[in-house]
Amino acid sequence: MEEKQACSRYHQPVLLSESIEGLAIREDGVYVDLTFGGGGHSSAILEKLKNGKLIVFDQDQEARQNSEGLDVTFVEANFRFLKRYLKLYGVAQVDGILADLGVSSHQIDEADRGFSVRFNADLDMRMSKDVTLTAKQVINQYSEAELHKIFGMYGEVRNAKTLARTIVSARVNKPLHTVDDLKAVLKKAAPKNREFKYFAQVFQALRIEVNDEMGALEEMLGQAVEVLKPEGRLVVIAYHSLEDRLVKNLMQKGNLKGEEEKDFYGNIIRPLKPVTRKPILPSREELARNNRARSAKLRIAEKL
């Protein structure tokens, strides 16, 4: 009980029962949790294993302590290195892969990481200390065109071009070093009465850029298909449209671009088949317990 409470304090797992059910766990199977975090999903997987094996990934060094006492192989690395580390541990194929793509509550609530608009801190936003790029560098060194692109693409900010110009103008007089420095500039471009959502969109864009989240996701999804056994399950929880689109394209169309290829008989050529036609969303009860689950979408596919 104490262990579960500790995991909950670090990060409350989203769509827990739905994702575990989606894995269709065999008690002697080999499974991978690509986003260990507080260990909530991993603990639930372990409850269903008897002679099986669980390998967990997390690039955040602070997550390792949550694996103490759990029968897991902990890999302190980005999930884009999935194949490399499975090979290192002598694992050729696995029965199931789970990825919860959200930022952990611990990372958001830890003020000095710079992920949250609620706390003043250096503009950092690195998921791992091994990442060299910081949000401060992006804000102060990227060109107006580059800022326009990431705000529009990764944050879906409607006035991305205006915002980019505003930031570039502001940093001429004084570099933007902290969360409060950036928020002061964002207020000039934010729609009235929607400032907090606007801040969140911009911070999301910066976080994705700093950690190359889309590049890592593309690499991981391609490798996941390769290492899954036939009938193995891929379970992914996404939180914004860019992530979800890649996952949906792979599961439904057979590739990340979403371009259908068909065989001689008109069947879509794809390595996976969706287990559910539409994404699974959090229940009202879960949303009442955990507001951070509100944008989550769970997709499940099985390897053909």
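## Nonpolar cores

The largest nonpolar core holds 71 residues, and I97, F151, L206 and L234 have the most contacts inside it. The model is a predicted one. Take L234 as an example. Leaving out residues up to four places away in sequence, L234 touches I97, L221, A224, L228, L250, M251, L272, R299, I300 and A301.

Another core lies apart from the largest one. This other core has 25 residues, among them I20, L23, Y31 and L70. In soluble globular proteins, nonpolar side chains tend to be buried together.

## Aromatic pairs

How many aromatic pairs does a search of the whole structure find? The search finds three. One of them joins F36 and F74. Their ring centres are 5.7 Å apart, and the planes stand at 90 degrees, which is edge-to-face. F36 sits in the loop between β1 (30–33) and α3 (40–48), and F74 sits in strand β3 (residues 73–75), so the pair ties together parts 38 residues apart in sequence. F36 and F74 are both buried.

F57 and Y85 form an edge-to-face pair too, at 6.2 Å centre to centre and 85 degrees between the planes. This pair links distant parts of the chain. F57 belongs to strand β2 (residues 53–57) and Y85 to helix α4 (residues 82–88), with their positions 28 residues apart. Are these two residues buried or exposed? F57 counts as buried because its relative accessibility is 0%. Y85 has 23% relative accessibility, so Y85 counts as partly exposed.

## The largest pocket

The largest pocket has a volume of about 1000 Å³. Its lining takes in 30 residues, and those nearest the centre are A200, Q204, R207, R294 and S295. Three elements give two or more residues to this lining: α5 (105–109), α10 (195–210) and α12 (241–253).

Which element gives the most to the lining of the largest pocket? That is α10, with seven residues. By class, the pocket lining has ten nonpolar, twelve polar and eight charged residues.

## Cavities

There are two cavities of 30 Å³ or more. The largest cavity encloses about 460 Å³. It is lined by 30 residues, and T35, Q59, D100, G102 and M127 are the closest to its centre. Both α3 and α11 (213–227) supply at least two lining residues each. The largest share comes from α11, with four residues. By class, the lining of the largest cavity has twelve nonpolar, 13 polar and five charged residues.

The second largest cavity has a volume of about 40 Å³. M251, Q252, P274, T276, R299 and I300 line it. Here α12 and β7 (297–303) each supply at least two lining residues. The classes are three nonpolar, two polar and one charged. Three residues of this lining also appear in the contact list of L234: M251, R299 and I300.

## An exposed helix residue

E285 is found in helix α13 (residues 284–289). Its relative accessible area is 53%, so E285 is exposed. E285 and Q107 are 178 residues apart in sequence. In space, they are 24 Å apart, C-alpha to C-alpha.

Technical notes: Residues numbered from 1 in each chain as written. Predicted model: local features only at pLDDT ≥ 70, side-chain atom pairs only at ≥ 80, totals over all residues. Heavy atoms only, no water. Phe/Tyr/Trp six-rings, centres within 6.5 Å; stacked < 30°, edge-to-face > 60°. Buried < 20%, exposed > 50% of the residue type's maximum accessible area, 1.4 Å probe, protein only. 1 Å grid on protein atoms, 1.4 Å probe; cavity = no way out; pocket = protein on both sides within 12 Å on 5 of 7 lines; lining within 4 Å. Points joined across faces, edges and corners; volume = space filled by probe spheres on them. Nonpolar A, V, L, I, M, F, W, Y, C, P; charged D, E, K, R; others polar. Core = buried A, V, L, I, M, F, W, Y, C linked by side-chain atoms within 4.5 Å. Contact = heavy atoms within 4.5 Å.
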